[in-house]
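Q: Please take a close look at one loop residue in this model and explain where it sits, what it touches and what surrounds it.

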Amino acid sequence: MRVGVLTGGSDCPGLNAVLRAIVRKGVQEYGDEFTGFRDGWRGVLRNETVPLDIRAVRGTLPRGGTILGSSRTNPLAQDDGADRVLGTLARHRLDALIVVGGTATLGAAARLAEDHGVPLVGVPKTIDNDIPLTDYTVGFDTAVGVATQAIDRLHTTAESHKRVLVVEVMGRSAGWIALHSGLAGGANCILVPEQPFDVEQVCEWVESRFRATYAPIVVIADSALPESGEITLHRGTTPLPGADPRARLSGVGEWLGREIERRTGKESRTTVLGHIQRGGAPSPFDRWLATRFGLHAIDAVHQGDWGSMTALQGTRIARVRLAEATSTLKTVDPSLYEEAGVFFG
């Protein structure tokens, strides 16, 4: 078969491992030919391609980023987007397309498959781990590892100077990175977007930690907000109801640090990890997961399971429907957050 492949959305560790597995199995077991599209859906719309063979993916298993490039282009944002996608596939005589992406990239893929008959298979990747029906997505484990290492290092500074250290991690609309890294790093408070927080309660936890002779670490997701629903950032006040989530990402950590210092009199410092979390070499788990997703994605192509997505369920790679996997976000269950509460304060 002739198969196209693209990586869309934000980059994350493990994308190259997916591509490597797809190409290796496709060429060696099925005799496939591959066309890589540059920069996600943008490359499909613009007909920008690169050769994708075993030589192209050799040595890429430990590499971060993506050799194909990526973008947040939505092909359906244009009236003729679906026709242009189909036209590009026809121009290259492609039998199928494998789409590696997060919620937005796979959401477009689901609509193209369901509404326009595009023969495609999806692979879930995002450090946010917010795609339903799969236990983990490619890139999440590496991001958690990076955040945890940062928290480990910050403990020593916090204790040496008796400061409050606030660590802002990514997560967009889900608190998975904050919850996992906060628990793994021994944070004294974890704040996630699913649970609006009480600033006074946070300050009480901070004071309690100091009374126990420890300097507290507060981990906060970049889209978490207080119960009041608004905070004042350097770019103005951003309310929670109706706000564009991307418009308010980052800044809440610095705001919270100032509030803690003002209310408790304890010196506070904020560390914003930002894009450090999505860069660098993938963890062993992400290499394993990405490789298995790639192997199963090319199998799905040869079985004509269009509109499906690879998913990790336990230790088994399953297939789920893209339309169902992109219909909502997977957010932190309240019971999981409640488990972490025993360590607060």
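A: The residue chosen here is Arg 172, which is found in the loop between strand 6 (164-169) and helix 7 (176-184). The model is a predicted one, and the description below should be read with that in mind.

The backbone of Arg 172 deserves attention at the outset. Most residues other than glycine have a negative phi. Arg 172, although not a glycine, has a positive phi near 55°. A second residue with this feature is Asn 47, whose phi is positive at about 60° although Asn 47 is not a glycine. Asn 47 is likewise a loop residue, placed between helix 2 (41-46) and strand 3 (49-52). The surroundings of the two residues can be described by their accessibility. Arg 172 has a relative accessible area of 16%, and it is classed as buried because the limit for that class is under 20%. Asn 47, with a relative accessible area of 29%, is partly exposed.

The side chain of Arg 172 has a charged partner. Arg 172 and Asp 130 meet in a salt bridge, with 3.2 Å from N to O. Asp 130 lies in the loop between strand 5 (120-124) and helix 6 (140-161), whereas Arg 172 lies in the loop between strand 6 and helix 7, so the pair ties together parts that are 42 residues apart in sequence. Both Asp 130 and Arg 172 are buried.

This salt bridge may be set beside others, since the structure holds 12 of them. One of these joins the side chains of Asp 80 and Arg 84, at 4.0 Å from N to O. Asp 80 is partly exposed, with 36% relative accessibility, and Arg 84 is also partly exposed, with a relative accessible area of 28%.

Another salt bridge links Arg 263 with Glu 259, where the closest N and O atoms are 2.9 Å apart. Arg 263 and Glu 259 are four residues apart in helix 9 (residues 252-264), which means that about one helical turn separates them. Arg 263 is partly exposed at 36% relative accessible area, while Glu 259 is buried at 13%. Salt bridges with shared partners join Glu 200, Glu 259, Arg 262 and Arg 263 into one network.

The elements that border the loop of Arg 172 can now be considered, beginning with strand 6. Val 167 lies in this strand. With a relative accessible area of 0%, Val 167 is buried. Val 167 also illustrates how residues separated in sequence can be brought together in space: Val 167 and Glu 254 are 87 residues apart in sequence, and their C-alpha atoms are 9.1 Å apart.

On the other side of the loop is helix 7, which packs with helix 6. The axes of helix 6 and helix 7 come within 8 Å and cross at roughly 45°. Helix 6 is therefore oblique to helix 7. The crossing of helix 6 past helix 7 is right-handed. Helix 6 and helix 7 are also the helices named in the placement of the buried salt-bridge partners: the loop of Asp 130 runs between strand 5 and helix 6, and the loop of Arg 172 runs between strand 6 and helix 7.

Two further helix pairs offer a comparison. Helix 1 (residues 15-30) and helix 10 (residues 284-302) pack at an angle of about 45°, with their axes 7 Å apart. Helix 1 is therefore oblique to helix 10, and helix 1 passes helix 10 in a right-handed crossing. Helix 8 (residues 199-211) and helix 9 pack at about 65°, with their axes 10 Å apart. Helix 8 and helix 9 are therefore roughly perpendicular to each other. Helix 8 passes helix 9 in a right-handed crossing.

Finally, the surface provides a contrast to the buried setting of Arg 172. Leu 183, Val 342 and Phe 343 make a nonpolar surface patch of about 310 Å². Val 342 is found in the segment after helix 12 (334-340). With 64% relative accessibility, Val 342 counts as exposed.

In summary, Arg 172 is a loop residue between strand 6 and helix 7, its phi is positive, and its side chain forms a salt bridge with Asp 130, a partner that is buried as Arg 172 is.

How values were computed
Residues numbered from 1 in each chain as written. Predicted model: local features only at pLDDT ≥ 70, side-chain atom pairs only at ≥ 80, totals over all residues. Heavy atoms only, no water. Patch = residues over 30% accessible without salt bridge, like charges linked within 9 Å, V, L, I, M, F, W, Y side chains within 5 Å. Areas by Shrake-Rupley, 256 points an atom, 1.4 Å probe, with all protein chains shown as cover. Helix = DSSP H or I, 4+ residues; strand = E, 2+ residues; numbered from the N terminus. Buried < 20%, exposed > 50% of the residue type's maximum accessible area, 1.4 Å probe, protein only. Axes fitted to C-alpha atoms, helices over the stretch in contact; angles between N-to-C directions. Parallel < 35°, antiparallel > 145°, perpendicular 65-115°, else oblique. Left-handed = near helix turned anticlockwise from the far one by under 90°.
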